[in-house]
Structures are given as C-alpha cells and as structure tokens.
Amino acid sequence: MAATRRNQMLGALRADQVATLYTRERLTFREIADRLGCDVKTAHDGWKRARANHAREAAEALDAWRGEQLATLEALIDGLMPKALQGDTRAAEVIIKAIERTAKTLGTDAPIRANVTVTDEMTARIKSLAEELAEL
C-alpha cells in the first residue's frame, strides 16, 4: 500500500515537471523525456495527467466561487425581503437583480434568441462601407 502511494506521488510530481517544461520552457516531449530520463510516451502521459489535474482543480475552484456568490445573493435576498414585502420598491428592485444574477450564476437563464433578416439593401450598404474603409 505504501509503495502504491509513493508511486502515485512520484507520478504526480513527474506530471507537474512535464507540465512546467512543456508550458514554460516550451520543450518538446522528446526533449522533456531526455531531461527527465523517461520515454516520450511517459512524458506525454504525464502531460495528459497534469492537464486533467489542472482542469479538475479549476472546476473545483469555480464551484467554490459559485457557492460563495450564491450564498451572498441568498443573504442579500433574505435581508431585503422584509422591506420589499412592506412596499419598499428599491428593495424589490435589488431582489429582482439578485434573482437574475442567481439565474446567471447557475446557468439557468434561457439564451436570448434573435431573428435577424439581412436584406439585399443592407448587404449592398455593408459592401459600400467596406470599400470606403479599404480606400482609407
């Protein structure tokens, strides 16, 4: 069991070394393999592991940030709700903004759809403006 944990730690260290050499020093996988004394496949596998680890850590950080934002919005809504219920329009406006922000943070807002029609006249005008710009 201890050997497995040690190997995992060494693998994580190697993945970090590969990521540093690849991203900061811009070495090729062949150069990285030569420097670390391993084969190219091991270097490439280390790069893939490092990318996966960094992606996981970024996702965890984003989730933590979202949680903090949602907690702040919830506290704001809870604190202003009594005023809004008593008729304070400014408090109601702030609550509505907080609810909108909550929806954006959670990604529950529906995308806005727009129907755009481009006429031949508009196309001709755009071409004309492009030609004027090209002449400058």
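This report walks through the cores, helices, loops, surface patch and salt bridges of a predicted model.

## Ground rules

The model is predicted, so local features need pLDDT of at least 70 and side-chain atom pairs count only at pLDDT 80 or more, while totals for chains, interfaces and linings use all residues. Residues are numbered from 1 along each chain as its sequence is written, and side-chain values use heavy atoms, with hydrogens and water left out.

## The nonpolar cores

Let's start on the inside. The largest nonpolar core has 12 residues: A15, V18, A19, L21, L27, F29, I32, A33, C38, A43, W47 and A50. At least two residues of this core come from each of α1 (2–23), α2 (29–36) and α3 (40–85), and α1 gives the most, with 4 residues. A nonpolar core here is a set of buried Ala, Val, Leu, Ile, Met, Phe, Trp, Tyr and Cys residues joined through side-chain atoms within 4.5 Å. Buried means under 20% relative accessible area, exposed over 50%, and partly exposed in between, using a 1.4 Å probe and protein chains only. Helices are DSSP runs of H or I with at least four residues, strands are runs of E with at least two, and both are numbered from the N terminus.

There is also a second, separate core of 7 residues, including L73, L80, A84 and I95. Back in the largest core, I32 is a good residue to click on: leaving aside its neighbours within four places in sequence, I32 is in contact (heavy atoms within 4.5 Å) with V18, L21, Y22, L27 and A43.

## Helix α2 and its ends

The buried residues of α2 are F29, I32 and A33. Seen down the axis of α2, these buried residues fall within an arc of 100 degrees, so they line one face of the helix; the arc is that of the directions from the helix axis to the C-beta atoms. R30 also belongs to α2, but R30 is partly exposed, with a relative accessible area of 48%. From C-alpha to C-alpha, R30 and I77 are 56 Å apart in space, with their positions 47 residues apart in sequence.

Two backbone details are worth a look here. R26, in the loop between α1 and α2, has a phi near 55 degrees, a positive value in a residue other than glycine. Most residues other than glycine have a negative phi. R26 counts as exposed, at 66% relative accessibility. After α2 comes G37, whose phi is also positive, near 70 degrees.

## A buried threonine in α4

T105 sits in helix α4 and is buried, with a relative accessible area of 7%. Not counting residues up to four places away in sequence, T105 touches R66, Q69, L70 and L73. Of these, L73 is a member of the second core.

## A nonpolar patch on the surface

Now for the outside. V116, V118 and M122 form a nonpolar surface patch with about 310 Å² of accessible area together. Patches are made of residues with over 30% relative accessible area and no salt bridge, with like charges joined within 9 Å and nonpolar side chains (Val, Leu, Ile, Met, Phe, Trp, Tyr) within 5 Å. The areas come from the Shrake-Rupley method with a 1.4 Å probe, and for residues only the protein chains shown count as cover. V116 lies in the loop between α4 (89–106) and α5 (120–135) and is exposed, with a relative accessible area of 67%.

## Salt bridges along the helices

Side chains of opposite charge can pair when their charged atoms come close. The whole structure holds 7 salt bridges, each a side-chain nitrogen of Lys or Arg within 4 Å of a carboxyl oxygen of Asp or Glu. In α3, R66 pairs with D63, with the closest N and O atoms 3.8 Å apart. These two are 3 residues apart, or about one helical turn, and both count as partly exposed: R66 at 31% relative accessibility and D63 at 48%.

In α4, the side chains of R90 and E93 meet in a salt bridge at 3.3 Å, N to O. R90 counts as exposed at 54% relative accessibility, whereas E93 is partly exposed at 43%. Salt bridges that share partners also join K41, D45 and K48 into one network. Within this network, K48 and D45 meet at 3.7 Å, N to O, and both lie in helix α3, 3 residues apart.
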